[in-house]
Amino acid sequence: DLTVSEERKNEARKILVENGIDLSKKLIAFCAGSTNSRAKRWQSESYAKLNDRLQSELNANVILIGDKSELDVSLEIVEKSNIKPIVLTGKTSLAESTAILSLCDFLVSNDTGPAHISAALGTKTIVIFGPTNPKTTYPIGAEIIRKKVDCSPCMLRDCPIDHRCMTHISADEVFEKCRILND
């Protein structure tokens, strides 16, 4: 379990408002990068489609979080989105990101550190698994989305074939899980 003080939550609210977030709406975060493995990344096109549906159908704010080394992935999502999410990738410290996650209605993430933080905070967390084994590395309490394919879990950092463990997961499937969590 992790807890965040009210002081830090207030600082996080200030960061969100300064970046154009309407605090009266649902707040959904994406952690679309993965600093240690490109194979763990769900496609930016899929995140963009999910973003558009969450913003248009659930009237939610969508923010992108992560380390500055993951900014390229966030910018790809923005480029491919019809409704632009707010990019906080590389703009917040770990403590600030943690406080922001404590305010989120839920997080959609690859198998990353922020997914573990979010789940430990008690924030609803959806984790998209591909090359890693959710039985050994899942965040406790998180919802897992995974497709069973012959080559997974392979634990490779780069897919030598067609990345089917991730490409077979659709934005519609993840949206449905988000919609259920939103109810």
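This is a guided tour of one protein model, with a suggestion at each stop of what to select next.

**The whole chain**

Begin with the entire protein in view, and keep in mind that the model is predicted. Colour the chain by secondary structure and you should find eight helices and six strands, which follow one another from the N terminus as α-β-α-β-α-β-α-β-α-β-α-β-α-α. The protein has 183 residues, and buried residues make up 50% of them. If you switch on a surface, its accessible area comes to about 9,000 Å², with 49% of that belonging to carbon and sulfur atoms. Among the contacts between residues at least 6 apart in sequence, 61% join residues that are at least 24 apart.

**The sheet**

Next, select the six strands, which form an open sheet in the order 3-2-1-4-5-6 with parallel pairing. Which strands stand at the edges? They are strand 3, at residues 86-87, and strand 6, at residues 143-146, and each has a single partner strand, so one side of each is left without a neighbour in the sheet. As a general point, the strands of a sheet pair through backbone hydrogen bonds, in either a parallel or an antiparallel way.

Now keep strand 6 and add strand 5, which covers residues 124-129; the two pair in the parallel sense over four bridges. To see how they line up, select Phe 129, which stands opposite Arg 146 in strand 6.

**The nonpolar cores**

Hide the cartoon for a moment and show side chains, starting with Phe 30, Leu 50, Leu 54, Val 108 and Val 174, which are the residues with the most contacts inside the largest nonpolar core, a group of 27 residues. Several elements each supply at least two residues of this core, among them strand 1 (26-31), helix 2 (44-57), strand 2 (60-64) and helix 3 (71-80). Helix 8 (171-182) is also one of these elements, and helix 8 gives the most to this core, with five residues. In soluble globular proteins, nonpolar side chains tend to be buried together.

Centre the view on Val 108 and ask which residues Val 108 is in contact with, leaving aside its neighbours within four places in sequence. The list includes Phe 30, Tyr 47, Leu 50, Ile 126, Ile 128, Val 174 and Cys 178. A second, separate core of 22 residues can be selected afterwards, and it includes Ala 12, Ala 29, Leu 107 and Val 127.

While the side chains are displayed, select two cysteines, Cys 104 and Cys 178. Are they buried or exposed? Cys 104 has a relative accessible area of 7% and is buried, because that value is under 20%, and Cys 178 is buried as well, with a relative accessible area of 0%. The structure holds zero disulfides.

**Helix 5**

Move to helix 5, at residues 113-121, and highlight its buried residues, which are Ala 115, Ile 117, Ser 118, Ala 119 and Leu 121. The cover over these buried residues includes helix 4 (94-103), strand 4 and strand 5. Just after helix 5, select Gly 122, whose phi is positive, near 90°.

**The salt bridges**

The last stops are charged side chains, and the count of salt bridges comes to eight. Start in helix 1, at residues 6-18, where Glu 18 and Lys 14 lie four residues apart, about one turn of the helix. Their side chains meet in a salt bridge at 4.0 Å, N to O, and both residues are exposed. An α-helix has 3.6 residues a turn, so residues three or four places apart point the same way.

Then select Lys 26 and Asp 105, whose side chains meet in a salt bridge at 3.9 Å, N to O. Lys 26 lies in strand 1 and Asp 105 in the loop between helix 4 and strand 4, so the pair ties together parts that are 79 residues apart in sequence. Lys 26 is partly exposed, with a relative accessible area of 30%, and Asp 105 counts as partly exposed at 28%.

Finish in helix 2, where Arg 53 and Glu 57 lie four residues apart, about one turn of the helix, and where their side chains meet in a salt bridge at 2.8 Å, N to O. Arg 53 counts as partly exposed at 22% relative accessibility, and Glu 57 is partly exposed with a relative accessible area of 46%. Add Asp 172 to the selection, and you have a network in which salt bridges that share partners join Arg 53, Glu 57 and Asp 172.

Definitions and conventions:
Residues numbered from 1 in each chain as written. Predicted model: local features only at pLDDT ≥ 70, side-chain atom pairs only at ≥ 80, totals over all residues. Heavy atoms only, no water. Buried < 20%, exposed > 50% of the residue type's maximum accessible area, 1.4 Å probe, protein only. Contact = heavy atoms within 4.5 Å. Areas by Shrake-Rupley, 256 points an atom, 1.4 Å probe, with all protein chains shown as cover. Disulfide = S-S within 2.5 Å. Pairing = 2+ DSSP bridges. Core = buried A, V, L, I, M, F, W, Y, C linked by side-chain atoms within 4.5 Å.
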